[in-house]
Amino acid sequence: MIPIDDCKLLISCCNHKGGLYLVHFKQQQPEIKRILNVGCTGITKYGSSFVVISNSHGIFILDENLKVIMNKALSTELDLHGVAIDNDKAYIIETKTNSIGIYNLKNNLERIDEIRFSPENDDVCHVNDLHIANDKLYVSMFSYPPRKNSLSFANKTYRGVILEYSLQERKVVKICHDKLLQPHSVLHYDNKMFYCVSGEFLVKRNEEDIFKCLGYTRGLAVRNQTMFIGQSESRHIPVLLKKHTNILLDCGIY
């Protein structure tokens, strides 16, 4: 086993056994504790606190001891996914409406603005995750430019992208990577972009494949040169694939 320094991971999980989990590595052995007993789809650090997203329960703010200090319910129709923080604002993916909702963390989590990638009020892009660096948003989505009725999860459609959006200019600057199958989990580290191509069970660094597993890659974190990679069972991998191959579509952390 690769040595892992003593560290703590916060892991958001949804659907079966959904919740917010704390995994504490001590002398190579993980101790697991459930912090929130509701399905969670995103988490990010905010000062000494944490912002956690739940499609069923909205926005949670947890203090440094992981105690809930605020909770704001949002419509369960939004299909909330990832979250990132910039200048006391939470940028929250609202997949159902192809949007990123912007919420004021200093004013009772009021929704103050939005970024939309399509005027449709139905999921035509499947926006799912984001990362903020140097006044730029880096956003993963399954289909761009949006095309009505183009999302077909039962078939392989390589229309996913990682795009760059300028917060100052309020516009899409460029497509960083395209022709991807169900990308997620954008992360910048060591001046390189890392992201999951979930439909191919991959993690990429820029254009290079650096990891492939036997399940749906989703969730990335780096600490002290160690990368932690999440694997989940996908809602969108065809049932026939699960029944007629030996692919292990279970959940865990590499």
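These legends walk through several close-up views of one predicted model. Because the model is predicted, local features need pLDDT of at least 70 and side-chain atom pairs count only at pLDDT 80 or more, while totals for chains, interfaces and linings use all residues. Residues are numbered from 1 along each chain as its sequence is written, and side-chain values use heavy atoms, with hydrogens and water left out.

**View 1. Strand S14 (residues 160–166) is enclosed.** Strands here are DSSP runs of E with at least two residues, numbered from the N terminus. Seven of the seven residues of S14 are buried, so the strand is largely enclosed by the rest of the structure. Buried means under 20% relative accessible area, with exposed over 50% and partly exposed in between (1.4 Å probe, protein chains only). One side of S14 carries Gly160, Ile162, Glu164 and Ser166, the other Val161, Leu163 and Tyr165, and both faces are covered.

**View 2. S14 pairs with strands S13 and S15.** Two strands pair if DSSP finds at least two bridges between them. Strand S13 (residues 136–141) runs antiparallel to S14 and shares six bridges with it. Strand S15 (residues 171–180) is also antiparallel to S14, again over six bridges. Look for glutamate 164: its bridge partner in S13 is tyrosine 138, and in S15 it is lysine 174. Four residues lie between the strands in the hairpin of S14 and S15, where arginine 170 takes a positive phi near 55°.

**View 3. Phenylalanine 117 meets tyrosine 165.** Rings of Phe, Tyr and Trp (its six-membered ring) pair if their centres lie within 6.5 Å; planes under 30 degrees apart are stacked, over 60 edge-to-face and the rest tilted. By this rule there are four aromatic pairs. One of them joins phenylalanine 117 and tyrosine 165 edge-to-face, at 6.2 Å centre to centre with 75° between the planes. The partners are 48 residues apart: phenylalanine 117 is in the loop between S11 (110–116) and S12 (127–133), and tyrosine 165 is in S14. Phenylalanine 117 is buried at 7% relative accessible area, and tyrosine 165 is buried at 6%.

**View 4. Lysine 45 sits over phenylalanine 50.** The charged end of this lysine is 5.1 Å from the ring centre. A charge counts as over a ring if NZ of Lys or CZ of Arg is within 6 Å of the ring centre and within 35 degrees of the ring normal.

**View 5. Threonine 217 lies in strand S20 (residues 216–223).** Threonine 217 is buried, with a relative accessible area of 0%. Contact means heavy atoms within 4.5 Å. Leaving aside residues up to four places away in sequence, threonine 217 touches several residues, among them Cys196, Phe201, Leu202 and Ile229.
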